[in-house]
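Visitor: I would like a close look at one part of this protein, with the details followed outward from a single side chain. Please take your time over it.

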Amino acid sequence: MSVTPQAVPTTPKRKGETKFSLKKILLPIIVVLIVIFSLAPALWQLLTSFKVNEDIAAVPTVYFPTRFTFNHYIELFTRRPFWRYIFNSAFVSITSTAVALAIGAPAAYALARLRPWGERAILASVLIVTLFPGILLFLGLLEIIQALKLGNNYLALIIPYTAINLPLTILVLRSFFQQLPKDLEDSARVDGYNTFQLLWQIVLPMTLPALVTTGILTFIFAWNEFIFALTFMTREELKTIPVAAAQLGGATIYEIPYGPIAAATVVGTLPLILLVLFFQRRIVQGLTAGAVKG
């Protein structure tokens, strides 16, 4: 009597299993390539800031320095008052960001909840101003600065930066205010909160990630702005970092100080990196909330 072996059932191959494996391999590679491509200019400036002049001018190009030096950073702070430039950029950026948030948050809440007369016209105007290139306002702002005699004054930068960033601040915060539950605000009004108390004690703490995200965007714009700072600030002690870095000169008119320029780029970028890293959790919360609510 012969026993016939039973066929062992084979599990059918799932559809897309090979594709999933291929995606699992390619995805990290693509992410690494994108990160390298994005960080390559910053990494090049960082390496150049530590190279000696011989390696910077060497042919063929020395990509990774074998000799490191801090002379470019020392020269940056000894030949020119770079600490003063950092203070100027920080003061103008922080002040304009604070003013934009202080004005934009109540305006956004009024558009989101109070529904003023002509709301659609106001929103359309804010949107148009947001899309309008800021550089086209240059000649008009120059006339205003000259008429008010605000040249070589911090207000010459704080007022334009605030005005340019205000429409974006209003639009972003309005979208967050609209998503807040109205029941919470109604309960607060029953408890005796007026509109200002409601905004300051309840609404703003709940939208703190949105405030941080919007504030960092406005801060970065004010920190990196060049054209207005170059024109409205001509005194050496009032220049900002972008202008000071662009005007770095060498020992002679024929020398381009690549090392100090790279060092100035690193010094000017480092505060932004630290700011983003410090508020990283708030930024992610704000972006995630905005994506879900949108």
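Visitor: Which residues does Arg174 touch, not counting residues up to four places away in sequence?

Guide: The model is a predicted one, and the contacts of Arg174 are a useful way into it. Leaving out residues up to four places away in sequence, Arg174 touches Ala108, Leu111, Ala112, Glu119 and Leu123. Arg174 itself belongs to helix H7, and with a relative accessible area of 16% it counts as buried, because the cut-off for that word is under 20%.

Two of these partners, Glu119 and Leu123, lead directly to helix H5, whose buried residues are Glu119, Leu123 and Val126. Viewed along the axis of H5, these buried residues fall within an arc of 60°, and so they line one face of the helix. That agrees with a general rule: an α-helix has 3.6 residues a turn, so residues three or four places apart point the same way. The face of H5 turned away from the buried side carries Arg120, Ile128 and Leu131, which are exposed. Helix H5 runs over residues 119–131, 13 residues in total, and spans 19 Å from its first C-alpha to its last, close to the 18 Å expected at 1.5 Å a residue. As for what covers the buried residues of H5, the list includes helix H4 (82–114) and helix H7 (155–178), the second of these being the helix in which Arg174 is found.

Helices H4 and H7 also take part in the packing of the interior. The largest nonpolar core has 21 residues, and those that touch the most other members are Tyr109, Leu173, Phe177, Leu198, Leu199, Val203 and Leu204. At least two residues of this core come from each of H4, H7, helix H9 (195–206) and helix H10 (208–224), and the largest share, six residues, is supplied by H4. Leu199 illustrates the connections within this region: when neighbours within four places in sequence are set aside, Leu199 is in contact with Pro106, Tyr109, Phe177, Leu204 and Pro205. Another core, of 17 residues, lies apart from this one, and among its members are Tyr154, Phe228, Phe232 and Val243.

The aromatic residues deserve a closer reading, since a pair of aromatic rings is described by the distance of the centres and the angle of the planes. The structure holds 15 aromatic pairs. In one of them, Phe87 and Phe91, the ring centres are 6.0 Å apart and the planes meet at 20°, so the pair is stacked. Both of these residues lie in H4, four residues apart, which is about one turn of the helix. Phe87 is partly exposed, with a relative accessible area of 41%, and Phe91, at 34%, is likewise counted as partly exposed. The rings of Phe138 and Phe228 have centres 6.2 Å apart and planes at 5°, so this pair is stacked as well. Phe138 lies in helix H6 (residues 138–148) and Phe228 in helix H11 (residues 227–232), so the pair ties together parts that are 90 residues apart in sequence. Phe138 is buried at a relative accessible area of 17%, and Phe228 is buried at 3%; Phe228 is also one of the members of the core of 17 residues.

A last point concerns the loop between H6 and H7, which holds both Lys149 and Asn152. For Lys149, phi is near 55°, a positive value in a residue other than glycine, and Asn152, also not a glycine, has a positive phi of about 55°. These values merit a second look on the screen, because most residues other than glycine have a negative phi. The surroundings of the two can be given as well: Lys149 is exposed at 73% relative accessibility, whereas Asn152, at 23%, is partly exposed. The loop thus brings the account back to H7, the helix that holds Arg174.

Notes:
Residues are numbered from 1 along each chain as its sequence is written. This is a predicted model: local features need pLDDT of at least 70, side-chain atom pairs count only at pLDDT 80 or more; totals for chains, interfaces and linings use all residues. Side-chain values use heavy atoms; hydrogens and water are left out. The expected span of a helix is 1.5 Å times one less than its number of residues. Buried means under 20% relative accessible area, exposed over 50%, partly exposed in between (1.4 Å probe, protein chains only). The arc is that of the directions from the helix axis to the C-beta atoms. Contact means heavy atoms within 4.5 Å. A nonpolar core is a set of buried Ala, Val, Leu, Ile, Met, Phe, Trp, Tyr and Cys residues joined through side-chain atoms within 4.5 Å. Rings of Phe, Tyr and Trp (its six-membered ring) pair if their centres lie within 6.5 Å; planes under 30 degrees apart count as stacked, over 60 as edge-to-face and the rest as tilted.
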